[in-house]
Protein chains: 2
Amino acid sequence: MPKPAPRRHTRGSQSGRPIMVLLDLLGRRWALRILWELRDGPLTFRALRDRADSVSPSVLNTRLRELRDAGLVEMSNEGYSPTRDAAELGELLLPLDGWAKRWAQRRR
Amino acid sequence: MPKPAPRRHTRGSQSGRPIMVLLDLLGRRWALRILWELRDGPLTFRALRDRADSVSPSVLNTRLRELRDAGLVEMSNEGYSPTRDAAELGELLLPLDGWAKRWAQRRR
DNA sequence: CTCTTGTGCTACGTTTTTCGTAGCTATCGC
DNA sequence: GCGATAGCTACGAAAAACGTAGCACAAGAG
């Protein structure tokens, strides 16, 4: 009779190095986008969905749970917002907008 | 006889806004990680695989193709490297490392 | 030449994730 | 009560990612 199977995670970042954990977390579908959309203040679940190309609620919920577990997002009666830490992270991400615009220009 | 089906992409970024396109591209599994690993110079396909938790070659190849198509990665006889544009993007990503370390500290 | 080594990458069956839609529960104002 | 809005779950279908094996090619050694 076979053992119940060691039940490893399939998901990345073996090392546990924080940057790898972060890149893994942000590399899941919609995670970056969610963080991006939450930059300026709280959004409700549905508002967030509307902003993010109508991502399916099950995935949105999964991501939000992961982001909450990671301490990047929190929920109040206003809706979802980035934690203070994540707001900082959001600022690090800001320059991406400018970069993306130049990038789009270059490759027209 | 049913129509061949309109064949829409399933994948994000309806708007075409550059930042959304970028977030979508980087939000695919291993994309961020690949960019991260390529920061300091060229890596061969296999070296890249080894660094990135042995990501499966089919996925790695798909990501590399996407990143090449997007003008973020190029291939020489040295292996894969970021394009000049992507090197710039890589620098924008650098502060994430410090952030991740502080984040890991805070949540121990 | 053959043999080895290392390369980029494909093939393919299995597993996991994501998707789309419907709809449940709870709360609020009326 | 009713309707509107909220967060979120359920679930079958589709797509993506996985792990492993191995092909084709090139360069080097003998």
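Q: Helix angles under 35 degrees count as roughly parallel, over 145 as roughly antiparallel, 65 to 115 as roughly perpendicular and the rest as oblique. So why are α6(A) and α1(B) called roughly perpendicular?
A: This is a predicted model, with local features needing pLDDT of at least 70 and side-chain atom pairs pLDDT 80 or more, while totals for chains, interfaces and linings use all residues. Residues count from 1 along each chain as written, chains are lettered from A and ligands numbered from 1 in the order written, and side-chain values use heavy atoms, without hydrogens or water. Now, α6 (residues 95-106) of chain A packs on α1 (residues 18-26) of chain B at about 100°, with axes 8 Å apart. Therefore the two helices are roughly perpendicular.

Q: What makes the contact between α6(A) and α1(B)?
A: Contact means heavy atoms within 4.5 Å. On the α6(A) side, Leu96(A), Asp97(A), Trp99(A), Ala100(A), Lys101(A), Trp103(A) and Ala104(A) take part. They meet Pro18(B), Ile19(B), Val21(B), Leu22(B) and Leu25(B) of α1(B). By class, that's 10 nonpolar, no polar and two charged residues.

Q: And how do you know how α6(A) runs relative to α5(B)?
A: Look at the angle: α6(A) and α5 (residues 84-93) of chain B pack at about 175°, with axes 11 Å apart. That makes the pair roughly antiparallel. Among the residues touching here are Trp99(A) and Trp103(A) from α6(A), plus Leu89(B) and Leu92(B) from α5(B). This contact has eight nonpolar, no polar and four charged residues.

Q: How do you know what kind of axis relates the two copies?
A: Superpose them by least squares on C-alpha atoms with pLDDT of at least 70 in both. A 180° rotation with 0.0 Å of shift along its axis puts chain A on chain B, at RMSD 0.0 Å. The copies are thus related as by a two-fold rotation axis. In chain A, Gly27(A) has the C-alpha nearest that axis, 2.3 Å away.

Q: Why can you say the copies meet through the same surface?
A: Because 100% of chain A's interface residues are interface residues in chain B too. Each chain puts 42 residues into the contact.

Q: How much area is buried between chain A and chain B?
A: Buried area is the accessible area (1.4 Å probe) that two parts lose on being put together, summed over both. Here it comes to about 3,600 Å², with carbon and sulfur atoms giving 67%. In chain A, Leu23(A), Trp99(A) and Trp103(A) lose the most, together 17% of what that side buries.

Note on methods. Axes fitted to C-alpha atoms, helices over the stretch in contact; angles between N-to-C directions. Helix = DSSP H or I, 4+ residues; strand = E, 2+ residues; numbered from the N terminus. Nonpolar A, V, L, I, M, F, W, Y, C, P; charged D, E, K, R; others polar.
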